[in-house]
Amino acid sequence: MRVLVVGSGGREHALIKKIKESSRVDYIACCPGNGGISYDAECFNVGATDIDGVVALAKQISADLVVVAPDDPLVMGMVDALNNAGFATFGPKANAAIIEGSKVFSKELMQKYHIPTAEYKVFDNADEVMAYIKEKNEFPTVIKADGLALGKGVIIPESLEEAEAGVKEIMEDKIFGDSGNNVVVEEFLTGPEVSVLAFTDGKCVKPMVSSMDHKRALDGDKGLNTGGMGTVSPNPYYTDEVAKECMEKIFIPTIEAMNKEGRTFKGCLYFGLMITPKGPKVIEYNCRFGDPETQVVLPRLKTDIVDIFEAINNETLSDLDIEWDERACTCVIMASGGYPKSYPKGIEIKGLSDGQLDGVTVYHAGTKLDGDNLVTSGGRVLGVTALGDTLENALKKSYDGVKQISFDGAHYRNDIGKRALSALK
């Protein structure tokens, strides 16, 4: 088979490395890809949101399967366009990808079908938002931009002043563009967070192994929100009992709700969960593999991923037994100095050979080749990932790997997995 993967980050690199393990695949292309991906796939300079360009490229390389990984092209309808051109795909159509594309849609879906989530209100006017927040006078509170915002469209103000500044940024300064035309204001939930990715063909849902993301930029969960500074799998808070409750009250009801709305979801549905004192609740849905959760979930997948993609397309997922590695997996993100705000690019990365390092897997998120040199080209640069018999063992391998890689201004958290380790004690 010939497979095309759309996207350019660490998630796409993890997907490509897993697809590369399939005995059924003899050629992988990626657009636009990155420096590290170019060691594992042929990269083409076609933008991830260039729908016509991707369809043309799929024709050019005679792709048997196109995996659309990022949220933007999914919400824009890239899968619809590829299907109309006769290509097999992995990823939901636009009318299902709206579950991530609009926070308002997803909250209303959960309310309508009694799927547990935080209480909320929707606003399209900044003054009304602030009047509501003043009236409630409960902090912290949660304010979300309605549309896509690179995983950064959520603010959690601790005071009225912070709320006013955040609402101004989203709704008036438009730091996320039109995504901030509407906002959702939610109650602040407490409890451990869990990420669960799930394969679904619209009939059956098969959750993957759980993971724990670390969103804040600095140690001790301090600093700004990021796209994720590291992950571990499994998540110790996601017990068999919690998993059973999620399946009954969240996973199956969500798939059924989407079917009833005429928006059958086929692909990877991401459930961002909070295990509250009143049970698990949905914080957010994503219409695709999470980043960097994918980097710790897919290394544990033993079943051929192409067989899974095919079963989803054929709606035969219930017939497939998906197997997982029992070992723990950890990923530590090495980011550019200044991330998640502005940061320099083009800084040489040292310590890697052909983009890799012995003893760990290095997923490339923001790298490019400058001649023969690998240089930085994004905020999150590398994900240093390891499997281990224990979480402690896997973390040691990841951090040993991090210490062998260097680029000016590199920063990473030193406490990835700390919460998970304390939960295991």
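## A chat about a predicted fold

Reader: I'm just getting started here. In β22, which residue is the bridge partner of A328?

Author: Keep in mind that this is a predicted model. A328 belongs to strand β18, residues 328-335, which is joined to strand β22, residues 380-388. In β22, the residue bridged to A328 is G388.

Reader: How many bridges join β18 to β22, and do they run parallel or antiparallel?

Author: In general, strands of a sheet pair through backbone hydrogen bonds, and they can go either way. For β18 and β22, the bridge count is 8 and the direction is antiparallel.

Reader: What is the strand order in the open sheet, and which strands stand at the edges?

Author: Five strands would be a mouthful, so here's the run: β12-β15-β18-β22-β19, with antiparallel pairing. An edge strand has a single partner, so one of its sides is left without a neighbour in the sheet. That describes β12 (212-213) and β19 (361-364).

Reader: On to empty space. How many cavities of 30 Å³ or more does the structure hold, and how much space lies in the largest?

Author: Rolling a probe the size of a water molecule over the atoms shows where empty space is left. With 30 Å³ as the lower limit, the structure holds 2 cavities. The space in the largest cavity is about 40 Å³.

Reader: Which residues line the largest cavity, and how many of them are nonpolar?

Author: The lining includes L15, V67, V68, A69, L74 and F90. It also takes in G91, P92, C268, C287, R288 and F289. Sorted by class, there is 1 polar residue and 1 charged residue, and the nonpolar count is 10.

Reader: And the second largest cavity: which element gives the largest share of its lining?

Author: This cavity has a volume of about 30 Å³, and its lining is made of I99, E100, K103, S106, E284, Y285 and N286. Two or more residues come from each of α5 (94-101), α6 (103-112) and β17 (279-286). The largest share is 3 residues, and the element that gives it is β17.

Reader: How many residues in the lining of that second largest cavity are charged?

Author: Take the classes one by one. The lining of the second largest cavity has 2 nonpolar and 2 polar residues, and its charged count is 3.

Reader: What about pockets? Which element supplies the largest share of the lining of the second largest pocket?

Author: The second largest pocket has a volume of about 780 Å³. Its lining has 24 residues, with K152, V154, I155, E169 and L224 nearest the centre. At least two residues each come from α3 (71-76), β8 (154-155), α8 (160-172) and β14 (222-225). The largest share, 4 residues, is from α8.

Reader: How do the lining residues of the second largest pocket divide by class?

Author: Nonpolar residues number 12 in this lining. The rest of the split for the second largest pocket is 4 polar and 8 charged.

Reader: Why is C30 not bonded to C43, and how many disulfides are there?

Author: A disulfide is a covalent bond between the sulfur atoms of two cysteines. Here the cut-off is 2.5 Å between sulfurs. The closest cysteine sulfur to that of C30 is in C43, at 5.2 Å, so it is too far for a bond. The count of disulfides is 0.

Reader: Is C246 buried or exposed, and how far is its sulfur from the closest cysteine sulfur?

Author: C246 has a relative accessible area of 0%, so it is buried. The closest cysteine sulfur belongs to C268, too far for a bond, and the distance is 15 Å.

Reader: Where is S22 found, and which residues is it in contact with, leaving aside its neighbours within four places in sequence?

Author: S22 is in the loop between α1 (10-20) and β2 (27-32). Its relative accessibility is 4%, so S22 counts as buried. With those neighbours left aside, the contacts of S22 are D304 and V306.

Reader: Which residue does a cis peptide bond join to F139, and which to Y339?

Author: For F139 the partner sits in the loop between α7 (126-136) and β7 (142-145), and omega is about -5°. For Y339 the partner sits in the loop between β18 and β19, and omega is about 15°. The residues are P140 and P340.

Reader: Last one: is H114 buried or exposed?

Author: H114 lies in the loop between α6 and β6 (120-123). Its phi is positive, near 55°, though H114 is not a glycine. The relative accessible area of H114 is 70%, so it is exposed.

How values were computed: Residues numbered from 1 in each chain as written. Predicted model: local features only at pLDDT ≥ 70, side-chain atom pairs only at ≥ 80, totals over all residues. Heavy atoms only, no water. 1 Å grid on protein atoms, 1.4 Å probe; cavity = no way out; pocket = protein on both sides within 12 Å on 5 of 7 lines; lining within 4 Å. Points joined across faces, edges and corners; volume = space filled by probe spheres on them. Nonpolar A, V, L, I, M, F, W, Y, C, P; charged D, E, K, R; others polar. Buried < 20%, exposed > 50% of the residue type's maximum accessible area, 1.4 Å probe, protein only. Contact = heavy atoms within 4.5 Å. Pairing = 2+ DSSP bridges.
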